[in-house]
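I opened the notebook to record a few look-ups, taken one residue or strand at a time. The entries are kept short.

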Amino acid sequence: MEGMMKLEIKKNIQKEEDKNLSFRVFDLNTDNLETYLQPHKKDHFFILVIESGKIRIHIEEKVHLLTAGKISVIFPEQVHCLSNPSADLKGKIILFEEILFCSDILKNELSTYNVNLSTQLNCTMLSLEDFKQSLYTIDIIQEIYTKPSLIKKEQARFHIKIFLLGLIESVHGLHPILHMETADKPIYVRFKKLLNQHYKQERTVQYYAGKLAVTAKKLNTVTKKHCGETAIQAIHNRILIEIKRQLLFSDLTHKEIAFDLGFNSPSALNKFVKAKLKETPTELQQELAQKYIG
């Protein structure tokens, strides 16, 4: 997919005040959907709230059907597009910059929640009561967006934070393991963060165990408990996620992907994919493209 769009919030100017705003709120209608029907990335967060009707959202290699009451949060850099909107589709689109709203929410206050959060929030469903409350909050944000002032902009930031916290709490309840305040959960959270930072260069259990000051056996026990896979499986799965992402959404050659991900040759990449998925990178690329576009 050469030349894939990357949408920037600063270029999304609907009115003069938008030049000084770090968020946008729109009604979900045909005009506002047009931009999102082709695969693209964003430099900001994108929230889709469905009040009625249905629409499909393709997020990397996964497809979710969004129906009334469902909410999808797309993180910056996640490749996605929308398709098959129904005639009765109604809802809201919220855009906001990462730096203002999430540096404190996700990195500090909610660090223990921040395990695979970007995929867990791709498709969520609140209780009817919580969904109504969310719509009320979004209406307030949209009203501020329509007629912003210096003080109201701060109020919008506050309301978006409340909205996000509600969504994250709903995910928290749907994933019992994240609710368990066990002594070793911080080890798992730190492991996942280290893995996201170093998976291209470091792929041994011993490396991560050393960084966490635990034995390899202890790390395996912790990862098995919290995500149902061993540490080496978690490492390999993280690499596979990136292989799929690059095969589908970058214009890099297999050789370039191999070296970017720390393999010493394209044949090493080929061998890794074949061992894990029983198919070659080329076959995987074709399968993913068909699944995504289909």
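The entries below concern a predicted model, and they take up one loop residue, then a strand, then a residue of its partner strand.

**Entry one, Asn-122.** I looked up where Asn-122 sits and found it in the loop between α4 (117-120) and β10 (124-125). I then asked whether Asn-122 is buried or exposed. Its relative accessible area is 4%, and because buried means under 20%, Asn-122 counts as buried. Turning to its side chain, I noted that it reaches the backbone oxygen of Val-73 at 2.9 Å, and that a polar contact of 3.2 Å links it with the side chain of Gln-78. Setting aside neighbours within four places in sequence, I listed the contacts of Asn-122, among them Ile-59, His-64 and Ile-71.

**Entry two, strand β2.** I checked β2, residues 23-27, and found it mostly covered, with four of its five residues buried. Its pairing with β9 (residues 90-96) is antiparallel and is made through five bridges. Within this pairing I noted Phe-26 opposite Ile-93 in β9.

**Entry three, Lys-92.** Staying with strand β9, I looked at Lys-92, which lies in it, and I recorded a relative accessible area of 9%, so that Lys-92 is buried. Which side chain does Lys-92 join in a polar contact of 2.6 Å? The partner is the side chain of Asp-27. I also looked along the chain to Leu-48, which is 44 residues apart from Lys-92, and found their C-alpha atoms separated by 6.0 Å. Beyond four places in sequence, the contacts of Lys-92 include Phe-26, Leu-48, Ile-138 and Gln-142.

Key
Residues are numbered from 1 along each chain as its sequence is written. This is a predicted model: local features need pLDDT of at least 70, side-chain atom pairs count only at pLDDT 80 or more; totals for chains, interfaces and linings use all residues. Side-chain values use heavy atoms; hydrogens and water are left out. Buried means under 20% relative accessible area, exposed over 50%, partly exposed in between (1.4 Å probe, protein chains only). A polar contact is a pair of N or O atoms within 3.5 Å; within protein, one must be able to donate a hydrogen and the other to accept it, and residues adjacent in sequence count only if both atoms are side-chain atoms. Contact means heavy atoms within 4.5 Å. Two strands pair if DSSP finds at least two bridges between them.
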